[in-house]
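Colleague: I should like to learn how to read the features of a protein structure. Please take me through one, step by step.

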Amino acid sequence: MVPVNQRLPLKQTVPLGFQHLCAMFGGTVLVPFLFKLDPSTCLLMNGIGTLLYLVICKGMVPAYLGSSFAFISPVAAVLASPALGGYAAAQGGFIVFGLFFIVVSQIIRLAGTRWIGVVFPPAAMGAIVMVIGLELAPVAIKMAGIPTAHEGAVAASSVSTPAIIMSMVTLVVTLLATVFLRGFLATIPVLIGVMTGYLTAMFLGYVDLAPVRDATWLAFPDFHVPVFQPAAIAMIMPAALVVLAEHIGHLVVTGHMVGKDLVKKPGLHRSLLADGISNLLSGMVGATPNTTYGENIGVMALSRVFSVWVIGCAALFAILISFCGKFTALIRSIPEPVMGGVCIMLFGVIAAAGVRMLLDQKVDYSQPRNLTLTSIVLVIGVSGASVQLGTVQLRGMALATVASIVLGVLFAMASPKKGSR
């Protein structure tokens, strides 16, 4: 295992950082594509936000900040109402969201983190982390081009054999690299898998290099001025609760992987403060909101490399390619099934990390409250159940987290002197 503060030689840091870049790239650029924005702006601000995060957290938390999916629905609602002011009005909501995280971070700094054990007891937190991975599983399967049973004959008739070949070659090579390679190669299984899948896609004729040839070497990101519209802000802000739950879950699972309680040191307040400042800056220039990325957590779990220097290298890569049109086009030329094959592994690793949390915390399932918390979180999280609150849809991990908080508080009020394990 490469610990958090270890600085590797440059010849190792560069490919490890590039591996993280490949893992986060698809999700990071997908969100701006949906909003018809320049993805280079998001890459620039994600890179800057990640570097700020590493500095504010004193170089103790290896986390990469990428574009958040939680805001897709409310932003789409804002864009669907021209009277609100378009994407500029959504930017105002992002800035308020960043300020919200900053305020919450200072409240936690003063009030401490003991409440987390009540709101998120181990039986619930482990299940929430499992849901983070499991609810992403259908996304990975769809990206890989694999039909699912509930899609029936329609899916069977639209199966793409080349897509399945690309995704399975990528997945199998990643698995073999993870299990059998030794030394430095064992730390870059994702990069090896993606490169092999990319070569397979080229052999099958599914890589279009024309956009790479047409792209310019130097390209500057687009910037936009925000507008503060109360109605738009009200539509954006409920998604902040979803990101808050996700943030806590990611920090806890990262802490378990590195063997330290990151919630206490450097502290949840520092992590939220860094995320809030990153989102504040992103909103000011027209980028999408950021969040800690599960894909990069999966890469760390596979490679066992937790060095913040590697994460910082990935952030520098993102900043550099935001100004390089050809390199951005090259990364975007990676076929979706290739990334789908890798994500099958990455998202599964995140779910397995939740199981490990339950084992490490020695959760006692002879206690009814623990059994209840885990079962309710899992069923709600993976069942597809959803609740619509205005323009925000709570489902999956978000809805499971709300249910966990309610049950955790009720159990604590019923017997406040009893432990949660």
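Modeller: Let us begin with a term. A helix is a DSSP run of H or I with at least four residues, and helices are numbered from the N terminus. Please also keep in mind that this model is predicted.

Colleague: Which helix gives the largest share of the nonpolar patch?

Modeller: Helix H20, residues 397-414, contributes five residues to the patch, the largest share. The whole patch covers about 500 Å² of surface and is made by Val118, Val402, Val406, Val409, Leu410 and Met413. One of these residues, Leu410, lies in H20.

Colleague: Why does Leu410 count as partly exposed?

Modeller: The general idea is a pair of cut-offs: a residue is buried under 20% relative accessible area, exposed over 50%, and partly exposed in between. Leu410 has a relative accessible area of 47%, so it is partly exposed. By the same reading, Val172 in helix H9 (residues 161-180) is partly exposed, because its relative accessibility is 41%.

Colleague: How far apart are Val172 and Gly197, in sequence and in space?

Modeller: The two residues are 25 places apart in sequence, and their C-alpha atoms are 9.8 Å apart.

Colleague: How does one check the length of a helix, and what is found for H13?

Modeller: One multiplies 1.5 Å by one less than the number of residues. Helix H13 (residues 239-258) has 20 residues, so it should span 28 Å; its end C-alpha atoms lie 29 Å apart, which agrees. Helix H6, residues 122-134, has 13 residues and reaches 18 Å, close to the 18 Å expected.

Colleague: Are the residues of H13 mostly buried or exposed?

Modeller: In H13, 19 of the 20 residues are buried, so the helix is largely enclosed by the rest of the structure. H6 is also mostly covered, with 12 of its 13 residues buried. The buried residues of H6 include Pro122, Met125, Ile128 and Gly133.

Colleague: Against which helices do the buried residues of H6 pack?

Modeller: They pack against H7 (137-143), H13, H18 (336-360), H19 (368-383) and H20. H13 and H20 have thus both returned in our discussion.

Colleague: How should I read a single buried residue, and where is Thr292 found?

Modeller: One places the residue in its element, then asks what surrounds it. Thr292 is found in strand E2, residues 290-292. Its relative accessible area is 5%, so Thr292 is buried. The side chain of Thr292 makes a polar contact of 2.9 Å with the side chain of His250. Beyond its neighbours within four places in sequence, Thr292 is in contact with several residues, among them Tyr53, Leu65, His247 and Asp275.

Colleague: Which residues other than glycine have a positive phi?

Modeller: Lys58 is one of them, with a phi of about 60°. Lys58 lies in the loop between helix H2 (39-56) and strand E1 (65-67), and it counts as exposed because its relative accessibility is 55%. Arg304 also has a positive phi, near 65°. The loop between helix H15 (294-303) and helix H16 (308-321) holds Arg304, which is partly exposed at 34% relative accessibility. A glycine can be read in the same manner: just after H13, Gly259 takes a positive phi of about 75°.

Colleague: Which two residues does a cis peptide bond join?

Modeller: Here one reads omega. The cis bond joins Lys265 and Pro266, with omega about 10°. Pro266 lies in helix H14, residues 263-285.

How values were computed. Residues numbered from 1 in each chain as written. Predicted model: local features only at pLDDT ≥ 70, side-chain atom pairs only at ≥ 80, totals over all residues. Heavy atoms only, no water. Helix = DSSP H or I, 4+ residues; strand = E, 2+ residues; numbered from the N terminus. Buried < 20%, exposed > 50% of the residue type's maximum accessible area, 1.4 Å probe, protein only. Polar contact = N/O pair within 3.5 Å; in protein donor to acceptor, adjacent residues only side chain to side chain. Contact = heavy atoms within 4.5 Å. Patch = residues over 30% accessible without salt bridge, like charges linked within 9 Å, V, L, I, M, F, W, Y side chains within 5 Å. Areas by Shrake-Rupley, 256 points an atom, 1.4 Å probe, with all protein chains shown as cover. Salt bridge = Lys/Arg side-chain N within 4 Å of Asp/Glu carboxyl O.
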